[in-house]
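Got the viewer open? Let's take a walk through this one together, one selection at a time.

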Amino acid sequence: MSTDTFVQHRGRRSLRLIVLFGALLLVLFVVSMNTGRYSMAPLEVLQTLLGEGSRKQNIVLFDLRLPRMIIAVLIGAGLAVSGAVLQGISRNGLSDPGILGINAGAGFAVLLFVSFYPATSVAPPFLMPFLALAGAGLSALLIYILSYKKESGISPTRLLLTGIAVGAGMSAVSVILTLQLNPRNFEFVVTWQMGSLWGSNWKFVLALLPWIVILLPYVYWKSRVMNVLSMNEQIAGGLGLSVNRERLVLMASAVGLAASSVAIGGGIGFVGLLGPHMARRLVGPQHQYMLPITAAVGALLVLAGDTIGRSFMENTEIPAGVVISLLGGPYFIYLLMRAKA
């Protein structure tokens, strides 16, 4: 098979998968609209969408469920693509914003804000992503400095271990701060840390949307640069690429995607690990084909996790982060065992 034929084949396969995942996402969206503590039959949902529902049905669907579902899709896409970028620039298949401690840094900044803010119920949603970005940026900077060596650059193993150590340190400090909170803020923080998609109204959709809409296309525009960075630093430098500058820019984009997603959705882990791995198995490692599939898989994971969490128990809601961790934890162990072998 010639190179041009191979590229065309990959492109067609990627397009078919995008259509397939789009259809699955649409089906899951319909299922999710019918799922929750307040039961709505499919016909009632359709009538409500057409403007013929009761006042209660309008509130449930338009004020509660739809913004939450859109947030789940945006967060899933953001976290998954963030993980794909981190895996690409570090050449480490185990990289993930949660595992590397970036989510912990974002959570630490949000926790600091909650600790000193008088009321979580009126916390400005447009400020939260910037606070999370500051914390995640600090965490990423620490990881980069501690894992970088002038002679050899960034070792994938050293990056992973440094990220785990920094994340553990920030998580430990966060626990200490959490114990000092009043009961109201304590309940909010604990729920947020489990990945509860706590920001589930249209203000939070508007707070998150610009980050995703700007950073996802930018990362895709840099997909060919990531292809080069994924090979070897010497090869990338030989091709005239400014390796350190491109790596820093892409890392900043990954941090922005992860931080904004964590600020609105809470501590959801493993999406940045599962999404890229699944996409890579389906369309290969070329980022121009892999990134759209990664975003679609991440969106499906978070929306499915939230839908299952809302429907699994009748009177109790399981946070989406917990549901996803039940899948991501065993898969991470499998990857570790495979890497060791």
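Start with residue 246, a glutamate. Setting aside neighbours within four places in sequence, glutamate 246 is in contact with Lys222, Val225, Leu229 and Leu241. You'll find glutamate 246 in helix 11, which covers residues 243–265. Keep in mind as you click around that this is a predicted model.

Is glutamate 246 buried or exposed? With a relative accessible area of 5%, glutamate 246 is buried, because anything under 20% counts that way. Now add arginine 245 to the selection. The two side chains make a polar contact at 3.4 Å, and the pair also qualifies as a salt bridge, with 3.4 Å between the closest N and O atoms. Arginine 245 is partly exposed, at 48% relative accessibility, whereas its partner glutamate 246 is buried.

**Zoom out for a moment**

Show the whole protein as a cartoon. You should be able to count 14 helices and 2 strands. Of the 341 residues, 52% are buried. Then look at who touches whom: of the contacts between residues at least 6 apart in sequence, 77% join residues at least 24 apart.

**The salt-bridge network**

How many salt bridges does a search of the whole structure find? The search turns up 4. Select arginine 68 and aspartate 306 for one of them: their closest N and O atoms are 2.7 Å apart. This pair ties together distant parts of the chain, since arginine 68 sits in helix 3 and aspartate 306 in helix 13 (residues 287–311), 238 residues apart.

Next, add arginine 310. Its side chain meets that of aspartate 306 in a salt bridge of 3.2 Å, N to O. Those two share helix 13 and are 4 residues apart, about one turn of the helix. With all three selected, you're looking at a network of salt bridges linking Arg68, Asp306 and Arg310.

Switch on a surface and see how much of the trio shows. Arginine 68 is buried at 10% relative accessible area, arginine 310 is buried at 9%, and aspartate 306 is buried at 0%.

**Into the core**

Hide the surface again and select Ile75, Val85, Leu197, Ile268 and Leu303. These have the most contacts inside the largest nonpolar core, which has 94 residues. Which helix gives the largest share of this core? That would be helix 3 (residues 55–90), with 17 residues.

Stay on isoleucine 75 and show what surrounds it. Beyond its neighbours within four places in sequence, isoleucine 75 is in contact with Leu197, Leu208, Ser261, Ile264, Gly265 and Ile268.

**An unusual backbone angle**

Move on to phenylalanine 270, in the loop between helix 11 and helix 12 (271–283). Most residues other than glycine have a negative phi. Phenylalanine 270 has a positive one, near 75°. The residue is also buried, with a relative accessible area of 17%.

**Last stop: the outside**

Bring the surface back. The protein's accessible surface comes to about 16000 Å², and 68% of that belongs to carbon and sulfur atoms. Now select Phe126, Leu206, Leu209, Val213 and Ile214. Together they form a nonpolar patch on the surface with about 470 Å² of accessible area. To get your bearings, pick leucine 206, which lies in helix 8 (residues 202–221).

Notes:
Residues are numbered from 1 along each chain as its sequence is written. This is a predicted model: local features need pLDDT of at least 70, side-chain atom pairs count only at pLDDT 80 or more; totals for chains, interfaces and linings use all residues. Side-chain values use heavy atoms; hydrogens and water are left out. Buried means under 20% relative accessible area, exposed over 50%, partly exposed in between (1.4 Å probe, protein chains only). Contact means heavy atoms within 4.5 Å. Accessible areas come from the Shrake-Rupley method with a 1.4 Å probe; for residues, only the protein chains shown count as cover. Patches are made of residues with over 30% relative accessible area and no salt bridge: like charges are joined within 9 Å, nonpolar side chains (Val, Leu, Ile, Met, Phe, Trp, Tyr) within 5 Å. A polar contact is a pair of N or O atoms within 3.5 Å; within protein, one must be able to donate a hydrogen and the other to accept it, and residues adjacent in sequence count only if both atoms are side-chain atoms. A nonpolar core is a set of buried Ala, Val, Leu, Ile, Met, Phe, Trp, Tyr and Cys residues joined through side-chain atoms within 4.5 Å.
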